[in-house]
Amino acid sequence: MNSSLRAVLFDIDGTLTDSAPLIRTTLAYVMREKSGLDLPESSYSRFVGPPLEDTFVELDVPASEVSSYIDKYREYYDVYMDDTPLFPGVADMLTAVRDSGLRSATATSKLRRSAKHVCEVTGIASSFDIICGSEPELGRTHKHHVVGTAITELEQLGILDGQNRLPEMPLGTEWFDRPVRTDVVMVGDRNFDTYGAAVHGIRTILVDWGEGDDAEKKHAWRHVSTVEELTQLLTSL
């Protein structure tokens with residue numbers, strides 16, 4: 001490692017784990033059971049990534065019922081979560097990143113406890129200094145909240161320097177329209193990652209194997225087509 005880059009923040013769903021099929025299946029099940037809405041699972045692809053609260057609101061679930069839909073979702077999802085596979089090459093990529101001297105954390109909209117569990121059952125937990133996810137009980141539900149928590153905890157470990165912290169900008173700010181920091185980078189697959197990181201002045205690398213489309217890639221700092229390409233990029237920054 002020969003630059004100022006010190007740490008990498010990783011999204012989980014669609015970036016490290018191939019969880020999109022289970023997410024689509026779970027959403028289809030919940031909407032069928034709770035609303036009688038029987039749509040093809042492919043109809044739910046655009047909801048792989050955002051917080052569940054936003055997903056169910058966009059699916060026209062009344063605000064007073066959203067929490068019960070989320071409970072139903074997690075009840076079903078947790079039964080099959082252990083079967084979620086890593087994308088091929090991800091474990092080796094994480095090892096190579098760590099061997100290069102970089103430190104890593106997750107920054108996912110999954111519940112923090114679920115993120116820890118998935119990392120443990122897939123065998124990648126030891127690759128991370130911190131496993132961060134959403135914590136609704138603390139008001140941390142969206143990606144920019146989780147990224148902020150990851151930054152704070154990496155600072156507490158002495159991995160990142162708090163003096164490099166930049167003022168937060170409104171959600172939706174493009175990374176190229178504001179000052180950015182070079183000691184940490186985000187890796188994800190959706191605009192939620194790009195914009196959540198940009199709030200804190202962090203650039204994002206989007207992976208092509210996730211759920212994001214070409215339009216979303218235009219807002220990212222970089223995008224990569226293969227895990228090998230991601231490994232090479234991260235270890236050369």
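**The sheet**

I began with the sheet of this predicted model, and I found that 6 strands form an open sheet in the order 3-2-1-4-5-6, with parallel pairing. I then looked for the edges, which are strand 3 (130–134) and strand 6 (222–224), each of them pairing on one side only. From one strand to the next, I noted a twist that averages 25°.

**Strand 1 and its neighbours**

I turned to strand 1 (residues 7–10), which pairs with strand 4 (residues 184–188) in the parallel sense over 4 bridges. When I looked up Leu9, I found that its bridge partner in strand 4 is Met186. Strand 1 also pairs with strand 2 in the parallel sense, again over 4 bridges, and here I wrote down Ser104 of strand 2 as the bridge partner of Val8.

I then asked myself: are the residues on the two faces of strand 1 buried or exposed? I recalled that in a regular strand the side chains alternate between the two faces of the sheet. In strand 1 I found Ala7 and Leu9 on one side and Val8 and Phe10 on the other, and all of them are buried, which leaves both faces covered.

**Helices on the sheet**

Next I looked at what packs on the sheet, starting with strand 4 and its partner strand 1, which pair over 4 bridges. Helix 6 (residues 143–156) packs on the sheet and touches strand 1, strand 2 (103–111), strand 3 and strand 4, while its direction makes about 155° with that of strand 3. Helix 7 (residues 191–198) also packs on the sheet, where it touches strand 4 and strand 5 (203–207), and its direction makes about 170° with that of strand 5.

**Helix 1 with helix 3**

For pairs of helices I kept in mind that two packed helices are described by the angle between their axes and the distance between the axes. Helix 1 (residues 20–35) and helix 3 (residues 66–80) pack at an angle of about 135°, with their axes 9 Å apart, and the two helices are therefore oblique to each other. I recorded their crossing as right-handed. Among the residues that make the contact, I listed Leu22, Ile23, Tyr29 and Val30 of helix 1, and Tyr69, Tyr73, Tyr76 and Tyr80 of helix 3. The residues of this contact of helix 1 with helix 3 divide into 11 nonpolar, 4 polar and 3 charged.

**Helix 4 with helix 9**

How do helix 4 (residues 90–99) and helix 9 (residues 227–234) cross, and at roughly what angle? I found that their axes come within 10 Å and cross at roughly 5°, so helix 4 and helix 9 are roughly parallel to each other. Val90, Met93, Ala96 and Val97 in helix 4 meet Val227, Leu230, Thr231 and Leu234 in helix 9. I noted that the residues of this contact divide into 7 nonpolar, 1 polar and no charged.

**A loop residue**

Lastly I looked up Gly162, which lies in the loop between helix 6 and strand 4. Gly162 has a relative accessible area of 39%, so I entered this glycine as partly exposed. I also looked up Glu211, 49 residues from Gly162 along the chain, and found that the C-alpha atoms of the two are separated by 33 Å.

Definitions and conventions. Residues are numbered from 1 along each chain as its sequence is written. This is a predicted model: local features need pLDDT of at least 70, side-chain atom pairs count only at pLDDT 80 or more; totals for chains, interfaces and linings use all residues. Side-chain values use heavy atoms; hydrogens and water are left out. Axes are lines fitted to C-alpha atoms, for helices over the stretch in contact, and angles run from 0 to 180 degrees between N-to-C directions. Angles under 35 degrees count as roughly parallel, over 145 as roughly antiparallel, 65 to 115 as roughly perpendicular and the rest as oblique. A crossing is left-handed if the near helix is turned anticlockwise from the far one by less than a right angle, and right-handed if clockwise. Contact means heavy atoms within 4.5 Å. Ala, Val, Leu, Ile, Met, Phe, Trp, Tyr, Cys and Pro count as nonpolar, Asp, Glu, Lys and Arg as charged, and the others, Gly among them, as polar. Two strands pair if DSSP finds at least two bridges between them. Buried means under 20% relative accessible area, exposed over 50%, partly exposed in between (1.4 Å probe, protein chains only).
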